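Trainee: I keep meeting labels like "buried" or "oblique" and I'd like to see how each one is earned. Can we go through one model that way?

Mentor: Sure, let's put it up.

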Amino acid sequence: MNTRPAPARVLRADLAASLVVFLVALPLCVGVAVASGVPAELGLVTGIVGGLVAGLLPGSSLQVSGPAAGLTVLVYTAVTEYGLAALGVVVLLAGLVQLALGALRMGRWFRAISLAVVEGMLAGIGLLLIAGQLYILADRKGPGAGVPNIAGLPGLAAEVARSATALTALAVGAGTIVVMAGWKRLPARCQLLPGALAAVGGATALTIVLGLPVARVRVSGLASAVQPPGSSEFAKLADTGLLATVLAFALIASAESLFSAAAVDRLHTGPRTDYNKELMAQGMGNTVCGLLGALPMTAVIVRSAANVQAGARTKASRVLHGVWLLLFAALLPGALTYVPTAALAGVLVHAGFKLLPVKGLLTLWSSHRGEAVVLAATALAILLTNMFEGVLIGLLLAVVKAAWETSHVHIEVTDDGEGLVNAHVIGNATFLRLPRILETLEKLPKDRAVHLHLAGLRHLDHACLNALRNWADEHNRASSEEVRLVHPA
């Protein structure tokens, strides 16, 4: 008996889901663009490409792509340092790197990245996002970098307290956050409207009705916002800093997309993600975004989860959401000029808080303290340095932690008080454990023969073997009794 749903029913489900995803994506596309320091239209362009390009390609059938809050800080930094015109070059090359990684079947290796590093990266992004958007929340311009933004918060608070217009903007943004935070507690029928759209729509309506003196989104038109990179922008590739930014875009966008795919796969029972194909789909999307001078795209868990929960069956839902974004950008761009920027900042502050693993960190500390330290250190490193260096520091710490934990070794000594002493070294003998090994060996009696058995070792590195030989030679010179290293047969 054929239990497959009728095509018409599938199409209706995908159509309904696409409208939900469109309503979720619209405020996020605009908010991410504004927070990144680029025209609002470029966020819509990236959302459109995520639907019409990445959405059509194989990989993950229900995952939805677009501009992500996780790359906001990195984009803002790149635009500040190299200019808006260079953004297209960075995104284009990042897309080509992703295509190459997918062609080389490197997708599965992103799943080997320590989860603590990924969560630390997201936590660092969340903290940077919150610190930066608090200024926009009060219609003020922040210093622009992580540490200066955080250091300037007391001054911001004092300035807001003295300004009626700043307090008004703060009230609009704070109201947006309150609505979004409490939206999930409303009856199910109310939640048919996405919380972000309801919050921004309410803030916009209130601003118009009361004539509040707050900053609003500036719109220049889709055609003027799209600026393909020219030859002068490609000449900036001689700057090694720009190349490091390209690599950071590619690696962080890829990791975020593939971790999102793993999370989406747990939400439905349909086809599983092909990680290499999904990586190539993301690469193709970013290549097109780069050619259009738009924001980078990643798979976004908020939109993807909304897509699944709305009952999407096939990739048609994510493609259609791109169609609705295109129609909005073409026909109703002027509607964005009524949206207060403080409301969009509220959306992103809420998104930043959701990136902070507060409960998870407490649980991790009680069960895996090493992982908790890596998570916190990665987030702190991103705050103090930048995204790329912070992630590298986190990865290095994760490798060191893994090496330390896998180099467990202990020495069992058999000594009846007279005659031969047998010492069995068991586990993994690496240079990390050398101080402990040598400290134990120094306590062995020097007036009797010692046999040091190495058959119980699963691993013995070169540094440790040399140290054991040196210890044996010194022991033999200082004692009349011989020390022998007994190797496995």
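Trainee: At what angle do α4 and α12 pack, and how far apart are their axes?

Mentor: This is a predicted model, to say that up front. In it, α4 and α12 pack at an angle of about 55°, and their axes are 8 Å apart.

Trainee: What makes α4 oblique to α12?

Mentor: Roughly parallel needs an angle under 35 degrees, and roughly perpendicular runs from 65 to 115. The angle here is about 55°, so α4 counts as oblique to α12. The crossing is right-handed.

Trainee: Which residues make the contact?

Mentor: From α4 you get L87, V90, V91, L93, A94, V97 and Q98. From α12 come L242, T245, V246, F249, A250, A253 and S254. Sorted by type, the residues of this contact are 11 nonpolar, three polar and no charged.

Trainee: What about α12 and α13, at what angle do they pack?

Mentor: About 130°, with axes 10 Å apart; α13 covers residues 275-291. Roughly antiparallel would take an angle over 145, and roughly perpendicular stops at 115. That makes α12 oblique to α13. This crossing is right-handed.

Trainee: Which residues meet there?

Mentor: On the α12 side, S254, S257, L258, A261, A262 and D265. On the α13 side, Y275, E278, L279 and Q282. Those residues divide into five nonpolar, three polar and two charged.

Trainee: Where does F249 sit in the wider picture, or rather, which residues does F249 touch?

Mentor: Beyond four places in sequence, F249 touches L74, V75, A78, L87, V90, V91, A94 and P296. F249 is also in the largest nonpolar core, which has 51 residues; F249, L87, I252 and M387 touch the most other members. Elements giving two or more residues to that core include α1 (7-35), α4 (84-103), α12 (240-265) and α19 (387-406). There is a second, separate core of 23 residues, with V24, C29, V30 and L344 among them.

Trainee: Why would such side chains gather in a core?

Mentor: In soluble globular proteins, nonpolar side chains tend to be buried together.

Trainee: How do you know that H321 is buried?

Mentor: The cut-off for buried is under 20% relative accessible area. H321 has 0%, so H321 counts as buried. H321 lies in helix α15, residues 316-331. Setting aside residues up to four places away in sequence, H321 touches S18, V21, F22, A25, G47, G51, V64 and S65.

Trainee: V319 is found in α15 too. Why is V319 called buried?

Mentor: V319 has a relative accessible area of 15%, and that value is under the 20% cut-off, so V319 is buried. Past four places in sequence, V319 is in contact with G51, L52, G55 and L56.

Trainee: And L452, buried or exposed?

Mentor: Buried: the relative accessible area of L452 is 0%, against a cut-off of under 20%. L452 is found in strand β5, residues 450-453. Its contacts beyond four places in sequence are A423, V425, L441, L468, W471, R484, L485 and V486. The C-alpha atoms of L452 and G394 are separated by 38 Å, with the two positions 58 residues apart along the chain.

Trainee: What makes R105 exposed?

Mentor: Exposed takes over 50%. R105 has 53%, so R105 is exposed. R105 lies in the loop between α4 and α5. Its phi is positive, about 60°, although R105 is not a glycine.

Trainee: Then why is D139 called partly exposed?

Mentor: D139 has 22% relative accessibility, which falls between the cut-offs of 20% and 50%, so D139 counts as partly exposed. D139 is found in the loop between α5 and α6 (146-151). D139 has a positive phi near 60° and is a residue other than glycine.

Trainee: How much of the chain is buried?

Mentor: Buried residues make up 49% of the 489 residues. The chain has 21 helices and seven strands, and its C-alpha trace spans about 95 × 70 × 55 Å along the principal axes.

Key:
Residues are numbered from 1 along each chain as its sequence is written. This is a predicted model: local features need pLDDT of at least 70, side-chain atom pairs count only at pLDDT 80 or more; totals for chains, interfaces and linings use all residues. Side-chain values use heavy atoms; hydrogens and water are left out. A nonpolar core is a set of buried Ala, Val, Leu, Ile, Met, Phe, Trp, Tyr and Cys residues joined through side-chain atoms within 4.5 Å. Buried means under 20% relative accessible area, exposed over 50%, partly exposed in between (1.4 Å probe, protein chains only). Helices (H or I, at least four residues) and strands (E, at least two) are DSSP runs, numbered from the N terminus. Contact means heavy atoms within 4.5 Å. Axes are lines fitted to C-alpha atoms, for helices over the stretch in contact, and angles run from 0 to 180 degrees between N-to-C directions. A crossing is left-handed if the near helix is turned anticlockwise from the far one by less than a right angle, and right-handed if clockwise. Ala, Val, Leu, Ile, Met, Phe, Trp, Tyr, Cys and Pro count as nonpolar, Asp, Glu, Lys and Arg as charged, and the others, Gly among them, as polar.
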